Amino acid sequence: MTKQAHTGRRFYRTTFLSAAMALPLIAAGCNRHNAPSGQTIATVNDGEITTSDLQLEMANVPPGERKQAQPLVIKTLVDRKVLAEYAKTQGMDHNPDFILQLRRTTELMLAEKAAQQIAASARQPISTSEINQYLDDHPDIASNRRVLTLDQLTFPLPNKAVATELKPAKTINDVIVVLQRHNVKFTRAQPQVDTAGLPDDLNSKMDALQPSEPLIILNSPNSTANVIADSKPMPLDGDAAADAARQRIAMKQTNDAIQQRGLALRQQAKISYAEGYVPPSAPRSKP
């Protein structure tokens, strides 16, 4: 009896294992007979993964590393599709937070595409005289270019009371005293910045600073207090200066075009605000 029972269990285990091992072979056999073709590199249930999906996923992979990275990228695409399908079966695609995030992502992508189109149409040839004039008007990007080491505090955007107390600060320590008095957390670092990459108005403010005087920039979500700890002259000339000016001029052309187009679109749109949500600079609603 014992031997028969043991034999029975062994037979059951062998049969089960054989069947389990056969499943991948059956699946693989079906896969060979119905292998994806053309632009489709894999199918997941009723969904497809195409060569376009793969190319998009590998866009930031260096060309020399793509062959090695491809199997892992394909696995990532399959795993993502499997999880996405599971999420749909659980109704997650109808979750209000998901719908809100999906709308935001779609609008961000469309706005970026619109900005790229406007920027492309705004590009104009830049003459040598324009470059020379720009270099004369903006010495901080070439002849007076410097690399600044800052003593910088970073902290959350303060309320009006704290902002008012920060205005008369003469040193970085004055700023620290105000922040600590109001229990405002901050971090301190010494980043380096290139004046050639700073906006003109910020360069002007940096140039006007007295020794040890902080430049306080209040922004959301993070604000900064900046003192110039060190300044190293690193002038540009010749082709390097011309290239820097050309890039700045092209950037200004793009930004001006996007702002002008955005203003025109806002003026054409019917925009109304709920009470208490009207931005200070918003034009009055059209009747």
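**Figure 1. Close-up of the residues that line the largest pocket.** The lining consists of Glu 48, Ile 49, Asp 53, Leu 56, Glu 57, Leu 77, Arg 80, Lys 81, Ala 84, Glu 85 and Lys 88. Strand 2 (47-50), helix 2 (51-57) and helix 3 (66-89) are the elements that each give two or more residues to this lining, where helices (H or I, at least four residues) and strands (E, at least two) are DSSP runs numbered from the N terminus. The model shown is a predicted one, in which local features need pLDDT of at least 70, side-chain atom pairs count only at pLDDT 80 or more, and totals for chains, interfaces and linings use all residues. Residues are numbered from 1 along each chain as its sequence is written, while side-chain values use heavy atoms, with hydrogens and water left out. Helix 3 supplies the largest share of the lining, with six residues. By residue class, the lining holds four nonpolar residues, no polar ones and seven charged ones (Ala, Val, Leu, Ile, Met, Phe, Trp, Tyr, Cys and Pro count as nonpolar, Asp, Glu, Lys and Arg as charged, and the others, Gly among them, as polar). The space in this pocket comes to about 300 Å³, a volume being the space filled by probe spheres set on grid points that are joined across faces, edges and corners. A pocket is here an open set of points on a 1 Å grid over the protein atoms alone, where a 1.4 Å probe fits and protein lies on both sides within 12 Å along at least five of seven lines; lining residues have an atom within 4 Å of a point.

**Figure 2. Leu 77 and Met 58 with their partners in space.** Leu 77, one of the residues that line the largest pocket, belongs to helix 3 and is buried at 6% relative accessibility (buried means under 20% relative accessible area, exposed over 50%, and partly exposed in between, with a 1.4 Å probe and protein chains only). Its C-alpha atom is separated by 7.9 Å from that of Leu 54, although the two residues are 23 apart along the chain. Met 58, in the loop between helix 2 and helix 3, is likewise buried, with a relative accessible area of 5%. Between Met 58 and Ile 74 the C-alpha to C-alpha separation is 9.7 Å, for 16 residues of sequence.

**Figure 3. A salt bridge within helix 3, between Lys 75 and Asp 79.** The closest N and O atoms of this pair are 2.8 Å apart, a salt bridge being a side-chain nitrogen of Lys or Arg within 4 Å of a carboxyl oxygen of Asp or Glu. Because Lys 75 and Asp 79 are four residues apart in helix 3, about one helical turn separates them. Both side chains belong to partly exposed residues, Lys 75 with a relative accessible area of 49% and Asp 79 with one of 35%. The structure holds ten salt bridges.

**Figure 4. Salt bridges of Arg 145 and Arg 146.** Arg 145 meets Asp 194 in a salt bridge with an N to O distance of 2.6 Å. This pair links distant parts of the chain, 49 residues apart, since Arg 145 lies in the loop between helix 5 (128-137) and strand 3 (146-156), and Asp 194 in strand 5 (residues 192-194). Arg 145 is buried at 16% relative accessibility, whereas Asp 194 is partly exposed at 26%. Arg 146 forms a salt bridge with Asp 140 at 3.9 Å, N to O; Asp 140 is buried, with a relative accessible area of 13%, and Arg 146 also counts as buried, at 17%. A network of salt bridges links Asp 140, Arg 146 and Asp 207.

**Figure 5. Backbone features at Pro 221, Asn 183 and Ser 212.** The peptide bond from Ser 220 to Pro 221 is cis, with omega near 5°, and Pro 221 sits in the loop between strand 6 (215-217) and strand 7 (222-233). Asn 183, which is not a glycine, has a positive phi of about 55°; this residue lies in the loop between helix 7 (172-181) and strand 4 (187-189) and is exposed, with a relative accessible area of 70%. Ser 212, also a residue other than glycine, has a positive phi near 70°. The loop that holds Ser 212 runs between helix 8 (200-208) and strand 6, and Ser 212 is partly exposed at 45% relative accessibility.
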